[in-house]
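Q: Please take a close look at the sheet in this model. I should like to follow how its strands are arranged and what surrounds them.

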Amino acid sequence: MAALAILGLDQWTKWLVVHKMDLFESIPLWEGIFHITSHRNRGAAFGILQNQQWLFILVTLIVVAGISWYLIRLKRSEPPMSWALALILGGAVGNLIDRIRLGEVVDFLDFKLINYPIFNVADSVIVIGVGIMIFLTIRQPEGKVDGLTGKAGDPR
């Protein structure tokens, strides 16, 4: 359910940018700090691997299948990990839809203060989800059973 809500928010915000702004138009919300800037990305993070859409689509389909399988395996046994995976799933599907439908990803969140690459809601939730996963993995108590393998963690 969370993944669907994220997907909806992502697609709605991108729809607004595409239909209400010209490409490269920038609306300052906080002049020189944060703008909404209509931008398109035909590559991956930070614009790398430009025009490799089929590679991104294939990798994303594999990731979506893997996350979906893992969520089914977890059921409701590990809610924090399920939330992290739902964030990643919703974001991955949001960008996948853009790549299939438009051949590029719509980006618009523009932090000018630190000259950071322009990104979108999907990118944000993917990063948050991965961050939560890393945190949960690091905090996992010794000897706790892993939800995927059913094996105990390394007792060292």
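**The sheet and its surroundings**

A: Three strands make up an open sheet, ordered β1-β2-β3, with antiparallel pairing. Its edge strands, each paired on one side only, are β1 (26-30) and β3 (105-111). From one strand to the next, the twist averages 30 degrees. The model is predicted, and for this reader's purposes local features need pLDDT of at least 70, side-chain atom pairs count only at pLDDT 80 or more, and totals for chains, interfaces and linings use all residues. Residues are numbered from 1 along each chain as its sequence is written, and side-chain values use heavy atoms, with hydrogens and water left out.

Some terms should be fixed here. Strands (E, at least two residues) and helices (H or I, at least four) are DSSP runs, numbered from the N terminus. Two strands pair if DSSP finds at least two bridges between them. Axes are lines fitted to C-alpha atoms, for helices over the stretch in contact, and angles run from 0 to 180 degrees between N-to-C directions.

Strand β2 (residues 34-41) runs antiparallel to β1 and is joined to β1 by four bridges. Within β2, H35 is the bridge partner of P28. Helix α1 (residues 2-20) packs on the sheet, where α1 touches β2 and β3, and the direction of α1 makes about 90 degrees with that of β3. Contact here means heavy atoms within 4.5 Å.

Aromatic rings also link the strands. The structure holds three aromatic pairs. Rings of Phe, Tyr and Trp (its six-membered ring) pair if their centres lie within 6.5 Å; planes under 30 degrees apart count as stacked, over 60 as edge-to-face and the rest as tilted. One of the pairs, F34 with F111, is tilted, at 4.7 Å centre to centre and 45 degrees between the planes. Because F34 belongs to strand β2 and F111 to strand β3, this pair ties together parts that are 77 residues apart in sequence. The pair of F111 and F119 is stacked, because the ring centres are 6.0 Å apart and the planes stand at 10 degrees.

Accessibility completes the picture: buried means under 20% relative accessible area, exposed over 50%, and partly exposed in between (1.4 Å probe, protein chains only). F34 is buried at a relative accessible area of 17%, and F119 is also buried, at 15%. F111 is partly exposed, with 34%. One aromatic cluster is formed by F34, F111, Y116 and F119.
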